[in-house]
Amino acid sequence: MEYARLGTSGVKVSRICLGMMSYGSPEHRPWQLDIDAARPIVRRAVEGGVTFFDTADMYAMGRSEEITGELLRELFPRREDYVLATKVYSPMGPGPNDRGLSRKHIMAGIDASLRRLGTDHVDLYQIHRFDPETPVEETMEALHDLVRAGKARYIGASSMWAWQFAMCQYTAASHGWTRFVSMQNHYNLLYREEEREMNPLCLDQGVGVIPWSPLARGLLAGNRDRDRSGPTTRARNDAMVEKWYADAEFDIVDATRAVAAERRVAPARIALAWLLGRPAVTAPIVGATKAAHLDDAVAAVDLELDEAEVARLEAPYRPRPVMGHR
């Protein structure tokens, strides 16, 4: 495993981040694993050198945070040995203040997350989306106060327009408040619109990019064919694939499979190696429900693609509508 600074911050993270959304309750989503099924996979990640773990309050309505906290306490001797990230924004109850990025919800959200995680702080506290209903000043000051209180070491953001992210950073800087050190955005071989504005902004401003859905909800791992059939539980129960990815994207999937076949490795390894080689990318957030998923992700760190392979992977891409901001 390799380790890198998250943007220009001082904290170092493993170049693979384990996304914990896959762990929660099968009753919540059919493809989620309970804690007993998740344990050997998370252990495999730790054994492979992964020290960076990402969850959110809304994953399985808090159950993912509970599992994350319990397993990390089991598998690491010290709290200082891993980097723990979670998020706030999404609805966590029926009330009008149970969502968004108001000071009220952020303060309530961090305390609830810390209780579920079983820790007194998170290393990275992220806003899950941009909240157009709350003044940016209110959100950024509240996040700054969490850092000052020791409940969060750093703060980060997730998918939004580049101008919104720039506005947040400018607001924080102009008031002397804490700025975001990371951007968790939708970025993979099938969706590269972030290369137009967001990724160059992050590179210029020293913000680490930690892409979500690096394998395009499994498409780049080969879990679906052109006829939309798929062997995995998630492939059969994920309506977002139909919404976000069209048949044309299978030309990129085919190119990924071809390069993988020549390299004699899994397609997922090729897709992740491409992403790890992109400017500004610190660590893709990888979901894993099988040990083999983890093995491919860890192995991708050491796989360097040549220019010809990169060109083949990128050639079929066509511009597409922006997705994932809401």
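**Exercise 1. The packing of α9 and α10**

Work out how α9 and α10 are oriented to each other in this predicted model, and which residues make their contact.

*Solution.* Start with the geometry: the axes of α9 and α10 lie 8 Å apart, and the helices pack at an angle of about 105°. Next, classify the angle. Values from 65 to 115 degrees count as roughly perpendicular, and α9 and α10 are therefore roughly perpendicular to each other. Now list the residues on each side. From α9 come Thr256, Arg257, Val259, Ala260 and Arg263, while α10 supplies Pro267, Ile270 and Ala271. Finally, sort them by class: the contact of α9 with α10 has 5 nonpolar, 2 charged and 1 polar residues.

**Exercise 2. The surroundings of α10 and α11**

Find how many residues of α10 are buried, and what covers them. Then do the matching search for α11.

*Solution.* Begin with α10, which spans residues 267-276: 9 of its 10 residues are buried, so the helix is mostly covered, buried being under 20% relative accessible area. The buried residues are Pro267, Ala268, Ile270, Ala271, Leu272, Ala273, Trp274, Leu275 and Leu276. Their cover includes the helices α9 (250-263), α11 (291-300) and α12 (307-314), along with strand β10 (285-287).

Turn next to α11, where Leu294, Asp296, Ala297, Val298 and Ala300 are buried. These buried residues pack against α10 and β10, and also against β3 and α1.

**Exercise 3. The order of the sheet**

Trace the sheet from strand to strand, and say which strands stand at its edges.

*Solution.* First write down the order. The open sheet has 8 strands, arranged β9-β8-β7-β6-β5-β4-β3-β10, with parallel pairing. The edges are taken by β9 (208-209) and β10; each has a single partner strand, so one side of each is left without a neighbour in the sheet.

Now check some of the pairs. Strand β8 (residues 180-184) runs parallel to β9 and is joined to it by 2 bridges. Here Ser182 stands opposite Gly208 of β9. Further along, 4 bridges join β5 (residues 83-88) to β6, again running parallel. In this pair, Val88 of β5 has Ile127 of β6 as its bridge partner. As for burial, strand β6 (residues 122-127) is mostly covered, with 6 of its 6 residues buried.

**Exercise 4. Looking for disulfides**

Count the disulfides, then explain the result for Cys168 and look at Cys17 too.

*Solution.* A disulfide is a covalent bond between the sulfur atoms of two cysteines. The step that decides is the cut-off: the two sulfur atoms must be within 2.5 Å. By this rule the count is 0 disulfides. For Cys17, the nearest cysteine sulfur belongs to Cys202 and is 16 Å away, and Cys17 is in no disulfide. For Cys168, the closest cysteine sulfur is also in Cys202, at 12 Å, which is too far for a bond.

Add the burial as a last step. Cys17 has 0% relative accessibility and counts as buried. Cys168 counts as buried as well, at 3%.

**Exercise 5. A serine in a loop**

Locate Ser22, decide whether Ser22 is buried or exposed, and name its contacts beyond the sequence neighbours.

*Solution.* Ser22 sits in the loop between β3 (17-19) and α1 (35-47). Its relative accessible area is 5%, so Ser22 is buried. With neighbours within four places in sequence left aside, Ser22 is in contact with Trp31, Gln32, Leu33, Gly287, Ala288 and Thr289.

How values were computed:
Residues are numbered from 1 along each chain as its sequence is written. This is a predicted model: local features need pLDDT of at least 70, side-chain atom pairs count only at pLDDT 80 or more; totals for chains, interfaces and linings use all residues. Side-chain values use heavy atoms; hydrogens and water are left out. Buried means under 20% relative accessible area, exposed over 50%, partly exposed in between (1.4 Å probe, protein chains only). Contact means heavy atoms within 4.5 Å. Axes are lines fitted to C-alpha atoms, for helices over the stretch in contact, and angles run from 0 to 180 degrees between N-to-C directions. Angles under 35 degrees count as roughly parallel, over 145 as roughly antiparallel, 65 to 115 as roughly perpendicular and the rest as oblique. Ala, Val, Leu, Ile, Met, Phe, Trp, Tyr, Cys and Pro count as nonpolar, Asp, Glu, Lys and Arg as charged, and the others, Gly among them, as polar. Two strands pair if DSSP finds at least two bridges between them.
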